Amino acid sequence: MRSTLSAISLAVLIPTIAGHCVWTDVVGDAGRPRGYGLGVNFQYPKNCVTTKCQRDVTVFPQTGPQSTWKSCGKTHMQADRYKAGAQGFEPNAAEREVPNDPAAEIPKIVEQGALPIASAGGYLNITIFQINVDGAGPFRCGISANGDGNDFKIVPDILRQAPGDRLGLFNENSQKNVPLQVRIPADLKCTGEHGSKKTVCILRCQNPATNGPFGACIPFELKEAAPPPPKADDGDEGDDEGEEGDEEKVDNEEKRRRFVRRQLARISARKRIVRRQAAGKPTEEEVEFLKGGEKFTAEEEKVIRNGRRPSMFRHVAERRKHGKPKPPPKAAAVAAPPIENAKAPGKKPARSKGNSNKKPAGRGARKPSPKKGNQKKGN
């Protein structure tokens with residue numbers, strides 16, 4: 001009875017502690033393709049913590065340093081598949097284990113256009129879906145430069161680590177996407193050939209879970225800088241001459257730019273000088289014109305000579321310089337005809353003889369009325 005209860009309790013506990021995490025999205029710094037870990041099957045559900053959602057989880061056999069890592073692990077490694085009476089038990093579970101085979105899976109990923117591209121010294125941004133508590137970090141990673149997945153001696157830096165304790169446990173991120181960022185070494189050379197790609201590496205990362213370790217193998221393409229174009233002469237002397245010629249061209253171009261800048265500066269300076277001369281001191285003729293025939297003291301005349309040239313003189317000088325015709329002289333004013341009996345300036349008009357109070361007779365002049373004393377009374 002006790003053995004039956006212990007078997008039942010073990011069957012109940014194993015699905016909750018079995019593991020882990022699925023690597024569902026990977027993108028590199030040098031391209032847009034988005035990839036995923038080997039063995040991932042997006043048709044399997046991920047919205048639970050039981051074995052139904054763990055069919056494509058990858059488990060690795062090695063737990064030591066990266067130099068001891070071999071292969072890319074296997075899927076369908078859940079413990080309840082081996083326990084009689086447990087949920088999901090399969091008598092031939094060992095035969096159903098599916099190894100992650102890079103030679104078979106990476107060409108399919110290449111055909112899908114799902115091979116991430118990273119540059120030397122760049123990075124890979126990874127999204128991990130943590131199924132339950134023991135699919136957490138921290139993760140250690142290694143790179144297989146030949147792309148066969150059997151040698152992971154190159155150890156990259158982790159730029160952004162997934163949270164977790166020393167046993168790979170972190171319950172708060174269960175059923176959540178967790179980011180991970182891995183730096184690609186600057187001196188990395190990838191030589192793996194898969195499909196049409198000739199520079200493929202494999203990144204393997206795993207956590208320290210005791211019933212794991214869990215993680216994934218991620219293939220990616222390394223983008224290398226384009227080689228320089230071939231030169232006409234392959235000899236050393238020719239190369240040196242070519243390099244010297246390039247340096248000469250660069251030097252000549254820089255000299256030409258400096259020459260143009262100097263010429264522009266000189267032109268600007270000449271323009272400033274012309275403007276200053278146009279607005280300079282007045283000439284002797286202009287001084288005499290300004291004096292207007294009046295007498296000035298030596299100090300006053302000095303002020304006139306050293307003063308700013310009036311704008312009227314500058315305009316005249318510009319017209320003469322550019323050959324523009326002078327404006328026509330103004331017509332002389334015609335003298336008005338003399339008016340008779342006009343008063344001469346400074347003289348009083350001469351009085352005429354007789355009564356000066358009499359006004360000249362005209363059409364509207366009134367006749368003088370007779371005096372009363374001279375009027376004769378009628379009969």
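**Exercise 1.** Start with E221: work out whether E221 counts as buried or exposed, then find its salt-bridge partner.

*Solution.* E221 has a relative accessibility of 16%. The cut-off for buried is under 20%, so E221 counts as buried. Keep in mind that this is a predicted model. Next, look for the partner: E221 makes a salt bridge with K197, and the closest N and O atoms sit 3.6 Å apart. Now place the two on the chain: E221 is in strand β13 (residues 214-223) and K197 is in strand β12 (residues 197-206). They're 24 residues apart, so the pair links distant parts of the chain. Last, check K197 itself, which is partly exposed at a relative accessible area of 27%.

**Exercise 2.** Find which residue D25 pairs with, and classify both ends by accessibility.

*Solution.* D25 meets R34 in a salt bridge through their side chains, at 3.0 Å from N to O. Then take the ends in turn. D25 comes out at 18% relative accessibility, so D25 is buried. R34, with a relative accessible area of 48%, is partly exposed.

**Exercise 3.** Explain what the bridge between K46 and D56 ties together.

*Solution.* First the contact: the closest N and O atoms of K46 and D56 are 3.1 Å apart. Both residues lie in the loop between β2 (34-35) and β3 (58-59), so the bridge ties together parts that are ten residues apart in sequence. As for accessibility, K46 and D56 are both buried.

**Exercise 4.** How many salt bridges does a search of the whole structure find?

*Solution.* The search turns up six.

How values were computed
Residues are numbered from 1 along each chain as its sequence is written. This is a predicted model: local features need pLDDT of at least 70, side-chain atom pairs count only at pLDDT 80 or more; totals for chains, interfaces and linings use all residues. Side-chain values use heavy atoms; hydrogens and water are left out. A salt bridge is a side-chain nitrogen of Lys or Arg within 4 Å of a carboxyl oxygen of Asp or Glu. Buried means under 20% relative accessible area, exposed over 50%, partly exposed in between (1.4 Å probe, protein chains only). Helices (H or I, at least four residues) and strands (E, at least two) are DSSP runs, numbered from the N terminus.
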